[in-house]
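User: I am new to this structure and would like to understand how the terms used for it are justified. Could you take me through them step by step?

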Amino acid sequence: MTSYGDLTPVNIVTGFLGSGKTTLLQRLLRSPQLSDALVLVNEFGEVGLDHHLLQGVAESTLLLENGCLCCAVRGDLQKALREQLSRRTRGEVPHFRRVVIETSGLADPAPIAYTLLSEAVLRHHFRLSGIITTVDVVNGASQIGSFPEAAKQIAMADRLVLTKTDLADGQVPSALRAQLRALNVSAQIVASSAIGDDFHRLLTDDIYDVEGKFREASRWTEGEAGGHGHGAHDHTAAVQSFVVTFDRPLDWTAFGVWATMLLHRHGADVLRLKGLLNVAGVPTPVLINGVQHIVHPPSHLEEWPDADRRSRLVFIVRALQRTRIERSLVVFNDLVNAPAASVRPRASGDAVTARQDHVAGSGFPLARE
Amino acid sequence: MCALCGVLGGKGHWSDSASAPAAFAGRTEPQTRLRERQARTRLLNLVLKHYGVVVRDWSGSSYLLTSRTGRTAIVETIAEVWSAAEGLSGRSCDPLDEGYLAVLANSAGATQAR
């Protein structure tokens with residue numbers, strides 16, 4: 001059986017209008033390590049892309065009956081990826097080992113992630129590797145304040161690539177940096193001009209990549225260590241990001257029960273959930289990574305990145321209180337030692353069987369929550 | 001598939017650690033799928049007691065939920081438990097609700113005080 005890490009990784013390159021997505025993509029595709037990537041773009045802009053595996057897709061979103069926008073399936077993407085998968089299998093296109101999707105400037109990355117992780121065929125062949133968001137250092141701050149789309153693209157990112165630094169004399173305004181950290185405590189922030197030979201790592205580092213997972217997990221809490229996290233929040237965007245830590249090892253079963261319940265009720269407001277967990281009975285850290293209602297299968301590191309053995313959970317949320325989240329997980333973790341609830345005999349006379357195979361209407365129950 | 005009853009194996013879920021041994025390498029105590037389901041069912045009953053819903057593991061492949069009036073629902077993964085429980089109880093299952101957390105904390109604290 002194919003393990004999750006063996007699936008074809010998919011990167012999403014997003015960013016607000018005119019923030020330099022295509023220019024970044026041009027540079028990325030010049031890396032020899034990314035020569036076998038399939039590129040899907042939704043619009044052919046002014047900056048031309050010269051790549052042998054390039055396909056255009058027209059953005060269209062199918063909203064599922066349960067109505068949550070983040071759980072919408074991108075019909076265009078579904079069709080394009082299925083088609084390319086089929087062509088790869090038949091040998092009609094070079095065997096691509098990675099897919100890079102460039103979104104439009106106003107796109108919401110969540111439905112793309114949902115499509116990859118939940119679509120009946122795609123989820124057995126592709127996995128979400130990472131979300132890269134470009135931020136224009138000249139206009140970024142005002143875009144975050146004025147456009148919720150821009151704030152969400154930043155909040156959901158694994159990497160924030162700062163562009164157009166040459167127009168700001170090579171400087172990144174400290175106010176913008178603080179704004180980015182407030183929205184996303186865990187993303188790597190890097191200026192496009194400062195990236196050297198390892199440019200490809202923007203795409204290839206993720207928690208399922210054997211070479212890159214240690215680097216990736218170490219970055220998750222760097223923002224917090226630098227003193228920028230701590231529940232800072234941006235009132236304009238109503239998004240806040242923070243890291244919560246737990247001194248005692250977490251019971252994995254209790255964590256699963258808690259996290260699925262939280263994401264069922266509040267998944268639309270949990271933009272990202274990442275964690276380096278000290279799980280009871282497991283000597284090495286267990287990594288979890290979630291995007292709104294969807295959680296990837298867990299991964300693990302061979303060793304702890306530092307001397308700190310506490311569980312660290314990164315939350316990027318909308319309108320959820322940090323203290324309540326902390327208290328809730330502690331209470332659920334403590335339940336492991338509670339006495340079992342009595343299970344009363346089953347009532348037979350008035351039983352009404354209502355088989356519920358799926359989360360109402362989603363059709364793809366496996367990947368949700 | 002169970003050879004006796006013809007029940008297919010349950011669907012996978014990210015929270016099933018027994019089916020992801022690589023992610024839990026070096027575990028001090030080996031985990032089996034059934035033992036994990038047993039522990040999860042026990043926890044679900046503690047969590048859903050407040051909503052008047054009882055959970056049973058059904059053939060190691062599904063969860064059978066029963067309300068106080070005897071209405072039942074069968075779901076395959078833990079992710080589907082919550083919408084089924086809400087359907088049976090008519091209440092929203094919110095792990096961040098202060099009142100609910102106080103009830104849960106009492107049940108956990110009762111044991112720790114012993």
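**Terms and their grounds**

Analyst: In strand 3 of chain B, Ala73(B) is the bridge partner of Leu65(B), and this belongs to a predicted model.

User: What makes strand 2 of chain B and strand 3 of chain B a pair?

Analyst: Two strands pair if at least two bridges are found between them. Strand 2 of chain B and strand 3 (residues 71-75) of chain B are joined by four bridges and run antiparallel, so the term pair applies to them. Their hairpin has four residues between the strands, and Gly70(B) there takes a positive phi near 90 degrees.

User: How do you know that strand 1 of chain B pairs with strand 2 of chain B, and in which sense?

Analyst: Strand 1 (residues 54-58) of chain B and strand 2 of chain B share five bridges in the antiparallel sense, and since pairing asks for at least two bridges, the condition is met. One of the bridge partnerships is that of Trp58(B) with Ser62(B), the latter in strand 2 of chain B. These two strands also form a hairpin, with three residues between them, and in its turn Ser59(B) has a positive phi of about 55 degrees.

User: Why is strand 2 of chain B called largely enclosed?

Analyst: A residue is buried if 20 or more other C-beta atoms lie within 10 Å of its own. Four of the five residues of strand 2 (residues 62-66) of chain B are buried, so the rest of the structure largely encloses this strand.

User: What makes domain 1 and domain 2 of chain A touch, and what is the class make-up of the side of domain 1?

Analyst: The domain assignment gives chain A domain 1 (4-225) and domain 2 (233-337). Contact requires C-beta atoms within 7 Å, and 31 residues of domain 1 of chain A are in contact with 27 residues of domain 2 of chain A. The side of domain 1 of chain A that touches domain 2 of chain A has 21 nonpolar, seven polar and three charged residues.

User: Which elements of chain A have the lowest and the highest mean pLDDT?

Analyst: Among the elements of chain A, strand 17 (residues 352-355) has the lowest mean pLDDT, 36, whereas helix 10 (residues 252-266) has the highest, 96. Over residues 226-237 of chain A the pLDDT is below 50, although the model has 28 contacts for this stretch beyond near neighbours in sequence. Where pLDDT is low, the predicted coordinates should not be read in detail.

Key:
Residues numbered from 1 in each chain as written. Chains lettered and ligands numbered in written order. Predicted model: local features only at pLDDT ≥ 70, side-chain atom pairs only at ≥ 80, totals over all residues. Domains from an automatic or database assignment. Contact = placed C-beta atoms within 7 Å. Nonpolar A, V, L, I, M, F, W, Y, C, P; charged D, E, K, R; others polar. pLDDT = per-residue confidence, 0-100. Buried ≥ 20, exposed ≤ 12 C-beta atoms within 10 Å, placed from the backbone.
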